[in-house]
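This report looks at a pocket and at the nonpolar cores of one protein model. Please have the sequence and the structure at hand.

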Amino acid sequence: MTKTPVHQHPHFRPYIHYTPAANWMNDPNGLVYFAGRYHLYYQYNPHAVRHQHMNWGQAISTDLVHWQEQTVALEHQKHEVFSGSAVVDWHNTSGFGAGKQPPLVACYTGHTADNQAQFLAYSLDEGASWDHHSGPVLDLGKRDFRDPKVFWHADSSCWVMVVAHPVEHQVEFFRSPDLQEWTTLSMFGPSGATGGIWEVPELFSLQDDAGQQHWVLKVDLFPGGPYVGSGVQYWLGDFDGTTFTPRTPARWVDHGQDFYAALTWSDLPERRVWMAWMSNWQYAHDSPTEKEGWRGAMTLPRELRVCVDRDGPALAQRPVRELQALRQAHLPLPVNGAAALHPGQAHELLLSWPPATDFRVRLAFTSGAGVEASVEVTPDELSVHRPANEMTSDLGGYPGTHRAKLPSAPGRHDLHVFLDACSLEVFACGGRAVITDLLFPSQPISQLQVDVLGLEPGSVTADLWPLTASTGPRR
Ligand code: FRU
């Protein structure tokens, strides 16, 4: 009698990525750093694994890596609480403050079937509880007008808000002295990719290594991304307090299929860090995590830089350094060989090699059922392939190969990979090329094979670490 093989059913709850304990989550909202704590609010339905009755859920961290879920922060009342941002109002320009502590002020879209307008809420206890300010502060009487991102513009000493006109493929800039009275500044768009509605815009500045300032405008869209469904585009340019002038063509931020609605932390000194929803509106409602009672995970937090190389200035992303604290003892990883992965843990892989004119570096992630995903680097290109399987038969557009062009002539190649229970995040050439993909293997991934062609194996350095589970929602 033949024995039926035991099918090991994988579970998909991430170890090192944020997911709420139960139900539906999408965009990060109101990311703000205050008094040593990172606040992560997010689009949340506390009642079901579907996008409905949206609220702002909340989690708090002191290191961007270990998150503690809190009770819902902004509840659905007369309208749904759609995406938005939060700031520390250091000088109490809003007048919401009382006493010594500055208020945290959130600006979000109140959504009803026929109107979207921008509303405020404020917290006087470090984000633990919120009061809604009565009435909208910006209402153009439109059905689609959403996702306000607010920041303090020091040069003109005022608040600036950028909001999406999704259907027109435009974003509009507004200014205010007090977060309450807003006047229009300018419009940007249509420009770049316009194959879908525009959502979740953000404008911020970054200095490159030579100290030159660049303004980054990023806009998400659905559909019309680089493959199926959603994507995020950006321009580098100038902002004079009124108008954004692009200096580069539009480019994709991430060349995978599951990076959306990215938002940076407000009021974080010295560095610019963002996080995105690790999904795609194309199939977000069909992901196979429903059986586990949750749906929606965030990407890892990433620090942003502008790199200037032969190809001109471009955005680069690196996983934040705090993640290094999760590393456990090295696992042996032979180049041109295989390593056994630890069951029940996430893994981090770091490979590096000198430039060569012709090479191929290939990673294969395998389970008892075969290759579940593969990553390839050649001198010109990074690619990730995720094959179809029975877990993802309902996810239209899931199988495929996602490709990112590499910068010409890097000093050295590096490949930085994070594998978690349902995701793969791949950073190449110092984060100049990034691919983020959900990955629903048919069985738990248990082995990593690394093959190099056209390189001296001894010239490749390889580090592999299992990562400790965070004190997150996995319980
Ligand atoms: C982006 C988005 C936003 C909106 C929110 C609703 O994913 O569609 O435009 O505010 O999600 O949950």
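The lining of the largest pocket is made up of 15 nonpolar, eight polar and eight charged residues. Here Ala, Val, Leu, Ile, Met, Phe, Trp, Tyr, Cys and Pro count as nonpolar, Asp, Glu, Lys and Arg as charged, and the others, Gly among them, as polar. The model is predicted: local features need pLDDT of at least 70, side-chain atom pairs count only at pLDDT 80 or more, and totals for chains, interfaces and linings use all residues. Residues are numbered from 1 along each chain as its sequence is written, and side-chain values use heavy atoms, with hydrogens and water left out.

The volume of the largest pocket is about 660 Å³. Closest to its centre, among the 31 lining residues, are Phe151, Trp152, His153, Ser205 and Arg272. The table names the strands that give two or more residues to this lining.

| Strand | Residues |
|---|---|
| E5 | 80–88 |
| E9 | 146–153 |
| E13 | 197–207 |
| E14 | 213–222 |

E13 provides the largest share, six residues.

The largest nonpolar core (buried nonpolar residues of the types Ala, Val, Leu, Ile, Met, Phe, Trp, Tyr and Cys, joined through side-chain atoms within 4.5 Å) has 46 residues. Buried means under 20% relative accessible area, with a 1.4 Å probe and protein chains only. Leu363, Phe365, Leu382, Leu415 and Leu424 touch the most other members. Domain 1 (23–304) and domain 2 (327–466) both contribute residues, so this core lies between them. Another core, apart from it, has 30 residues, including Tyr44, Leu64, Met275 and Phe427.

Terms used: Buried means under 20% relative accessible area, exposed over 50%, partly exposed in between (1.4 Å probe, protein chains only). Domain bounds come from an automatic or database domain assignment. On a 1 Å grid over the protein atoms alone, a cavity is a set of points where a 1.4 Å probe fits but cannot get out, and a pocket is an open set with protein on both sides within 12 Å along at least five of seven lines; lining residues have an atom within 4 Å of a point. Grid points are joined across faces, edges and corners, and a volume is the space filled by probe spheres set on the points. Helices (H or I, at least four residues) and strands (E, at least two) are DSSP runs, numbered from the N terminus.
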